[in-house]
Amino acid sequence: VVITLFVSIVGFSQKNNTSAYSFFGIGDKNNESTVEQLSMGGVGVSLNESYRLNFINPAANASLRFTTYAMALENLNSTAKDSNDKQRASATYLSYLAIGFPLGEKGGMTLGLLPNSSVGYSLVSNEYDAANNITEATQYIGDGGTNKVFLSVGYKPFKNFSIGLQGNYIFGKIENSIVNQVKGASLATKYQTTSNIEGLTLNGGFHYKGKVNDKMDFLLGGNFEFNNEIEATGNEYLYSIDLSSGIQKDINYEEEVNGILRSPLKSTLGLGLGKDNKWYAGVDYSFQNALELSGGVFNNYSKIDYDNYSKIAVGGFYTPKFNSITSYWDRVTYRAGVKFENTGLLVDASGNGTDFTAIDDFGISFGVGLPMSKQLSNLNIGFEIGKRGQTANGLVQENYVNFRLGLSLNDKWFKKLEIF
């Protein structure tokens, strides 16, 4: 497991985004949920299962009773369109790798690695004359992103109530470039920034489980990502390049730059009803005040601004009979959910600073958990279809279909030696 964790860092460095909206800030914020949770619209802050990991509430670690090793792959497929054109893109990447285990009867711990944000775009903007001939072409290219290493601990101080704390180390590298060519010019101009991202973040959570009756439990959970700052340091360059050969000519400008991304408190609260190993239905709501960007790395984004973030997700699962010995399909878990997300990103395609449009995200998800053995291990398959953005006001609408494949392996570790 330890060797796999280190080797997988290479896998997280691959390109894992195809969105034009990853141009801004430190890129698109990645999902921080398991395949199981994403198949239910992203709900899960009120879940505390004994044999499944929960990345969105550290207090859920207190309920772990099995050592659980989890990893997943994600395949993104999107169709981006504006008022004039349409383009398809796809990417496949390792979306998380983690291991969790109980610490006695009242505690549990999870550690892992997952993408935090991702950048991956290639856009072209053309200028035309009266005869509809191209007079100027500009290409925007971005790659990279940030990863997160986390350690999460949960503890149950009272019956049915648990608390948790999670520490995160954010790191990564982002490269953005703009290549401009004017008709008739022998050389093109390339502006490039390279940024190294680093920072520490902290979040805490709580969970409560009560009984409505013998057949139904009441679940309440919360997670709070505390105020934090992510620092970016790097360089910006201005080149002259020969497009026919791609050879770099003179460096016209070079300077060190830095920036800070300030994230205010993000709160997520969840309510749920259900029965252990049988069914669950829940709703999560998240809110965060607007992000703040400062410094030379981020000050070049005149076409964007940030507003408050919010998200509501509704979903659940159903397992006919998890311990059935006569029917395999009775042991299968069926999941579904829906999400409505205001990303907080505002984009002004005109660039005049007066016509900002909010970028919203709507998605429907569903999936299954397939038992793999007589133990509690599962192969989890999830699908999501949705839409982000719009074509109005010169913006881009992205229609996406995402496929996720997760593996959750369970076993009993640290067994006490018994003598008969």
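**Exercise 1. Determine which residues Thr319 contacts in this predicted model, leaving aside its neighbours within four places in sequence.**

*Solution.* Step 1: locate the residue. Thr319 sits in the loop between strand E15 (309–318) and E16. Step 2: assess its accessibility. The relative accessible area of Thr319 is 3%, and buried means under 20%, so Thr319 is buried. Step 3: list the partners. Thr319 is in contact with Asn277, Lys278, Asp330, Arg331, Val332 and Thr333.

**Exercise 2. Describe the surroundings of Glu74, and state whether this residue is buried or exposed.**

*Solution.* Step 1: Glu74 belongs to strand E2. Step 2: its relative accessibility is 5%, and therefore Glu74 counts as buried. Step 3: with residues up to four places away in sequence not counted, Glu74 touches Asn31, Ala91, Thr92, Tyr93, Ser95, Asn402, Phe403 and Arg404. Step 4: consider a residue elsewhere in the chain. Thr233 is 159 residues from Glu74 along the chain, and 30 Å separates the C-alpha atoms of the two.

**Exercise 3. Classify the ring pair of Phe55 and Tyr96, and place it in the chain.**

*Solution.* Step 1: recall how such pairs are described. A pair of aromatic rings is characterised by the distance between the centres and the angle between the planes. Step 2: apply this here. The ring centres of Phe55 and Tyr96 are 5.1 Å apart and the planes stand at 85°; since an angle over 60 degrees counts as edge-to-face, the pair receives that description. Step 3: place the partners. Phe55 is in the loop between helix H2 (35–38) and strand E2 (67–81), while Tyr96 is in strand E3 (residues 86–103). The two are 41 residues apart, and their pair links distant parts of the chain. Step 4: both Phe55 and Tyr96 are buried. Step 5: widen the view. Ring pairs join Phe55, Tyr96 and Phe150 into a cluster, and the whole structure contains 11 aromatic pairs.

**Exercise 4. Carry out the analysis for the aromatic pair of Tyr328 and Trp329.**

*Solution.* Step 1: the geometry is 5.4 Å from centre to centre with 85° between the planes, and the pair is edge-to-face. Step 2: Tyr328 has 31% relative accessibility, so it counts as partly exposed. Step 3: Trp329 reaches 54%, and because exposed means over 50%, Trp329 counts as exposed.

**Exercise 5. Identify which members of the largest nonpolar core touch the most other members, and which elements supply at least two of its residues.**

*Solution.* Step 1: a general tendency gives the context. Nonpolar side chains tend to be buried together in soluble globular proteins. Step 2: the largest nonpolar core has 19 residues, and Tyr21, Phe24, Leu345 and Val347 touch the most other members. Step 3: at least two residues each come from strand E4 (107–128), E6, strand E9 (228–242), strand E14 (304–306) and strand E16 (333–347). Step 4: examine one member. Beyond its neighbours within four places in sequence, Tyr21 is in contact with several residues, including Leu345, Val347, Ile359, Arg388 and Leu395. Step 5: a separate, second core has 10 residues, among them Val35, Leu64, Ala70 and Leu114.

**Exercise 6. Characterise the second largest pocket and the second largest cavity.**

*Solution.* Step 1: the second largest pocket holds about 350 Å³ of space. Its lining comprises 23 residues, with Asn48, Glu49, Ser50, Lys209 and Asp276 nearest the centre. Step 2: the elements that contribute two or more lining residues are strand E6 (161–182), strand E7 (188–213), strand E8 (216–225), strand E11 (266–275) and strand E12 (279–288). Step 3: by class, the pocket lining has eight nonpolar, eight polar and seven charged residues. Step 4: turn to the cavities. There are eight cavities of 30 Å³ or more, and the second largest cavity contains about 100 Å³. Of the 13 residues lining the second largest cavity, Gln37, Leu47, Glu49, Arg52 and Leu53 are the closest to its centre. Step 5: this cavity lining divides into five nonpolar, four polar and four charged residues.

**Exercise 7. State what phi values Asn132 and Asn160 have, and where these residues lie.**

*Solution.* Step 1: most residues other than glycine have a negative phi. Step 2: Asn132, which is not a glycine, has a positive phi of about 65°. Asn132 lies in the loop between E4 and strand E5 (134–158), and its relative accessible area of 58% makes it exposed. Step 3: Asn160 also has a positive phi, near 70°. Asn160 lies in the loop between E5 and E6, and at 35% relative accessibility it counts as partly exposed.

Key. Residues are numbered from 1 along each chain as its sequence is written. This is a predicted model: local features need pLDDT of at least 70, side-chain atom pairs count only at pLDDT 80 or more; totals for chains, interfaces and linings use all residues. Side-chain values use heavy atoms; hydrogens and water are left out. On a 1 Å grid over the protein atoms alone, a cavity is a set of points where a 1.4 Å probe fits but cannot get out, and a pocket is an open set with protein on both sides within 12 Å along at least five of seven lines; lining residues have an atom within 4 Å of a point. Grid points are joined across faces, edges and corners, and a volume is the space filled by probe spheres set on the points. Ala, Val, Leu, Ile, Met, Phe, Trp, Tyr, Cys and Pro count as nonpolar, Asp, Glu, Lys and Arg as charged, and the others, Gly among them, as polar. Rings of Phe, Tyr and Trp (its six-membered ring) pair if their centres lie within 6.5 Å; planes under 30 degrees apart count as stacked, over 60 as edge-to-face and the rest as tilted. Helices (H or I, at least four residues) and strands (E, at least two) are DSSP runs, numbered from the N terminus. Buried means under 20% relative accessible area, exposed over 50%, partly exposed in between (1.4 Å probe, protein chains only). A nonpolar core is a set of buried Ala, Val, Leu, Ile, Met, Phe, Trp, Tyr and Cys residues joined through side-chain atoms within 4.5 Å. Contact means heavy atoms within 4.5 Å.
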